Amino acid sequence: MTYCVGILVRDGLVMIADTRTNAGIDNIAIFRKLKIQSEKGRRTLAIATSGNLSVSQSVISMLAEGVENQETGELETLDSQPTMFKAAQLVGRAVREVWRIDGASLEQMTARFDVQMLFGGQVAGGRLRMFMVYAAGNFIEVTPDTPYFQIGEHKYGKPILDRAVTYETDLYDALKIGLISMDSTMRSNLGVGPPIDVLVLRKDALTPELDFRIEPNDRYFLDLRERWSKALRDAHMQIPRPPYGANVPGDIKG
């Protein structure tokens with residue numbers, strides 16, 4: 001399984017991805033799912049992937065080697081795209097091209113063409129943006145009303161994002177909340193696991209402010225995990241018990 005989250009706030013972008021690709025008693029593998037491409041002063045682009053690993057690897061490789069422009073015959077890469085929107089379109093074209101090459105074979109082997117991507121960053125002269133790209137190659141863009149996207153095993157980490165993240169959230173508070181969301185997912189699904197790759201990109205900086213891997217024994221992440229668990233335990237103890245049963249004391253009467 002996989003869990004990746006991207007949060008776009010006023011001050012910048014946070015992207016977080018786990019690295020576990022298989023999980024079982026004797027089958028655990030690690031693969032980096034957050035790819036960062038940066039050219040200082042010109043652009044920083046990041047892609048987080050989920051789904052079929054062979055499909056996502058093929059898409060990433062095709063973007064690196066170039067996607068043929070059907071009108072000009074030229075190979076286009078992310079480096080050659082003048083805007084984030086054009087770059088997102090290129091990612092979608094690469095997904096469709098991999099489908100054209102491998103889709104029928106995968107279906108014959110009863111394997112799903114399963115891929116989703118978070119694509120975020122900024123190109124000089126444009127604004128910081130983030131998109132979610134689907135298996136059909138189409139995409140949607142994050143907005144101030146919905147300032148985050150998730151891919152993979154998203155249900156366990158969604159409640160904290162819904163309650164705590166807004167477009168006005170501080171950039172490093174967004175990182176903290178994203179890590180709580182990751183921890184909540186890891187706690188409930190063994191298919192998601194460390195190390196955890198993190199990107200923080202401040203608006204208009206055009207170079208990563210933080211490109212970091214959180215290892216399983218990272219002191220801050222372990223402390224965050226324990227503090228969040230304790231905060232939840234303390235919070236539920238502060239809420240009165242339901243008054244609905246007979247002989248159950250409660251502060252709120254129906």
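**Exercise 1. Find the residue that follows α1 and give the sign of its phi. Then work out how the helix itself is placed.**

*Solution.* Start just past the end of the helix: α1 is followed by glycine 66, and the phi of this glycine is positive, near 120°. Keep in mind as you go that this is a predicted model.

Step back into the helix. α1 covers residues 53-65, 13 residues in total. From its first C-alpha to its last it reaches 18 Å, close to the 18 Å expected at 1.5 Å a residue.

Next, pick out the buried positions, using the cut-off of under 20% relative accessible area. In α1 these are Val55, Ser56, Val59, Met62 and Leu63. Looking down the axis of α1, you will find these buried residues within an arc of 125°, so they line one face of the helix. On the face turned away from that buried side sit the exposed residues Ala64 and Glu65.

Finally, ask what lies over the buried residues of α1. The cover includes β6 (43-51), β7 (67-68), α2 and β9 (115-123).

**Exercise 2. Trace the sheet that contains β9, and say why one side of β5 and of β11 has no neighbour in the sheet.**

*Solution.* Write down the strand order first: β5-β6-β9-β10-β11, five strands in an open sheet with antiparallel pairing. Now go to the ends of that list. β5 (34-39) and β11 (139-141) are at the edges and have a single partner strand each, so one side of each is left without a neighbour in the sheet. On average, neighbouring strands here are turned by 15° against each other, direction ignored.

To check one pairing by eye, take β10 (residues 129-133), which is joined to β11 by three bridges, the two strands running antiparallel. One handy pair to look for is valine 133 with its bridge partner in β11, phenylalanine 139.

Then add the helix: α2 packs on this sheet and touches β6, β9, β10 and β11. Its direction makes about 155° with that of β9.

**Exercise 3. Describe α2 from its length to its end.**

*Solution.* Begin with the span. α2 (residues 84-108) has 25 residues and reaches 35 Å from first to last C-alpha, close to the 36 Å expected at 1.5 Å a residue.

Now follow the axis: at aspartate 102, α2 bends by about 55°. Among the buried residues of α2 are Met84, Leu90, Val91, Val98, Gly103 and Leu106. After the helix comes threonine 110, with a positive phi near 55°.

**Exercise 4. Put the other five-stranded sheet in order and place α4 on it.**

*Solution.* The order is β12-β1-β2-β13-β14, again an open sheet with antiparallel pairing. β12 (148-152) and β14 (210-214) stand at the edges with a single partner strand each, so one side of each has no neighbour in the sheet. The average turn between neighbouring strands is 10°, direction ignored.

For a close look, choose β1 (residues 3-9): five bridges join this strand to β12, and the two run antiparallel. Here tyrosine 3 stands opposite glycine 152 of β12. Helix α4 (residues 171-188) packs on the sheet, touching β1, β2 (12-18), β12, β13 (196-202) and β14. The direction of α4 makes about 20° with that of β2.

**Exercise 5. Decide whether serine 229 is buried or exposed.**

*Solution.* Locate serine 229 in helix α5 (residues 219-238). The relative accessible area of serine 229 is 14%, and the cut-off for buried is under 20%. Serine 229 is therefore buried. For orientation, isoleucine 180 is 49 residues from serine 229 in sequence and 9.9 Å away in space, C-alpha to C-alpha.

How values were computed:
Residues are numbered from 1 along each chain as its sequence is written. This is a predicted model: local features need pLDDT of at least 70, side-chain atom pairs count only at pLDDT 80 or more; totals for chains, interfaces and linings use all residues. Side-chain values use heavy atoms; hydrogens and water are left out. Helices (H or I, at least four residues) and strands (E, at least two) are DSSP runs, numbered from the N terminus. The expected span of a helix is 1.5 Å times one less than its number of residues. The bend at a residue is the angle between axes fitted to the seven residues ending there and the seven starting there. Buried means under 20% relative accessible area, exposed over 50%, partly exposed in between (1.4 Å probe, protein chains only). Two strands pair if DSSP finds at least two bridges between them. Axes are lines fitted to C-alpha atoms, for helices over the stretch in contact, and angles run from 0 to 180 degrees between N-to-C directions. Contact means heavy atoms within 4.5 Å. The arc is that of the directions from the helix axis to the C-beta atoms.
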